[in-house]
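Me: I am new to reading protein models. Could you go through this one with me and explain the terms as we meet them?

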Amino acid sequence: MLRTVLLTLLTLLIAIGGGAGSLYLFIKSAPPIGAVHSGSWTAFPNLGTTHTDPYSRGRFAREGGIPLGSAEGIVFTATRDVAGRPLSRRCTYRVEGAMPSAQFWTLHAADMAGTPLPSLGRRAAALNSQMILRRPGEALAITVSPHPQPDNWLAITGQASMQLVLTLLDTPLSAGFELTQLALPRITQVNCDA
Amino acid sequence: MLRLLYAIVLGLVGAGIVHIAVLLMLPSYSERDIWSRLSAVAGPYAVVRLDSNALGGRSPAPANPFLVPAACRFDLADGPVRVQSPDTIPFWSLAIYDNNGLNVFSITDRTATDRVLDIVTLSTEQMQQVRSGVPDELGRSVFIETGLEEGIVLVRVFAPDETWRGVVDAFLNEMSCSPVVLD
């Protein structure tokens, strides 16, 4: 009798504990499905839509959020430079290259949870296509640095790692064009504070 | 011994079933999706700015410093929902989310007449009714047909820099979200 009860408990423990536990681990640690990579940049065009797999949908339900719809634009994030080193808030980076066509774009620095970095004085850690200085005949160049820089300066503060978030608003790319063959600006490290 | 093995195998099969069942139920029981968060702080047709103050200290990540989102809930049983603002701004985009917080439709100001925000969301039956004779006040509206019964209309406004704050605030304060009565 006792044996039967114990065996039943064991079965239930494995079923409920194992089922819920494996799902939690899967959603928490398995890499998200449906990513599109271009250089250092990663985007999830189907995030938060009805076109995703159940795991992505489950993860999205746990995290919440209001991702841009496919007609509104697309968000790329980068956590590493072109050499594969994690982006640090103590380093200076050059973001150079052509921007894909979009009505507007914005570039901001955020912590690893996605919260935008605090402003440095009155300078927010964010730039957009309306505030950019362009030199004729030269490609777009932005300097991401904790120290003042000439031309386009994205001011960052702090010590920890960070990510760069590039948002293209109203771009033909998001409406199903070849995202994988897309050329986005390259992130190269210039130097780091000791 | 054999019974122990049997119990373990049965447990593993059960684990698989629990795994799939919880996975499929997760979206409808989530309390963090935008529908649940908005329902917690505002009634239908109330326009809410989605910053951290409005949503109980947690704004939905990831936030873009230049985009100001505002949303309202609707129920098409009350009639088509009309979202409009008389002002003009550099850029707005609009998305419709279902009651699980999933994005089902989106549009930008490029599609609208003179880039003015005037969007009417309606069901298939309401669309047929409108087709038979568009009411005069909806003459310049963009119609979006949806299979949803209830959902969220979310408008994002682009504020290029601090000097635009006033214009963006005015746009969102003037923004209305209300059901339309069709005769």
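**Two chains, step by step**

Reply: Happy to! Chain A has 2 helices and 10 strands. This is a predicted model, in which local features need pLDDT of at least 70 and side-chain atom pairs count only at pLDDT 80 or more, while totals for chains, interfaces and linings use all residues. Residues are numbered from 1 along each chain as its sequence is written, and chains are lettered from A and ligands numbered from 1 in the order in which they are written.

Me: How do you know what counts as a helix or a strand, and what pattern does chain A follow?

Reply: Helices (H or I, at least four residues) and strands (E, at least two) are DSSP runs, numbered from the N terminus. Read that way, chain A goes α-β-β-α-β-β-β-β-β-β-β-β.

Me: What makes B:L38 buried?

Reply: A residue is called buried if 20 or more other C-beta atoms lie within 10 Å of its own, exposed if 12 or fewer, and partly exposed in between, with C-beta atoms placed from the backbone. B:L38 has 25 such atoms within 10 Å, so B:L38 is buried. You will find B:L38 in helix α2 (residues 34-41) of chain B.

Me: Which residues does B:L38 touch?

Reply: Two residues are in contact if their C-beta atoms, placed from the backbone, lie within 7 Å. Not counting residues up to four places away in sequence, B:L38 touches B:V48, B:A71, B:R73 and B:I152.

Me: Why is strand β9 of chain A called mostly covered?

Reply: Of the 7 residues in β9(A), residues 163-169, 7 are buried. A:Q163, A:V165, A:T167 and A:L169 point one way, A:L164, A:L166 and A:L168 point the other way, and all are buried. In a regular strand the side chains alternate between the two faces of the sheet.

Me: How do you know which strands pair with β9(A)?

Reply: Two strands pair if DSSP finds at least two bridges between them. Strand β3 (residues 73-78) of chain A has 6 bridges to β9(A), in the antiparallel sense, and here A:T77 stands opposite A:V165. Strand β5 (residues 104-110) of chain A is joined to β9(A) by 7 bridges, also antiparallel, with A:A109 opposite A:L164. Both β3(A) and β5(A) therefore meet the rule.

Me: What makes a set of residues a nonpolar core, and which residues have the most contacts inside the largest one?

Reply: A nonpolar core is a set of buried Ala, Val, Leu, Ile, Met, Phe, Trp, Tyr and Cys residues joined through C-beta atoms within 7 Å. The largest has 78 residues, and B:V153, B:V155 and B:V157 have the most contacts inside it. Leaving aside neighbours within four places in sequence, B:V155 is in contact with B:A70, B:V83, B:W92, B:L94, B:L117 and B:M175.

Me: How does chain A's radius of gyration compare with that of a compact globule?

Reply: The radius of gyration is taken over C-alpha atoms, and the globule rule is 2.2 Å times the number of residues to the power 0.38. For 194 residues that gives a value near 16 Å, but chain A has 21 Å. The C-alpha atoms of chain A fill a box of roughly 85 × 40 × 30 Å along the principal axes.

Me: How many residues of each chain are in contact with the other chain?

Reply: 47 residues of chain A are in contact with 49 residues of chain B. On the chain A side, the largest share, 11 residues, comes from α1(A).
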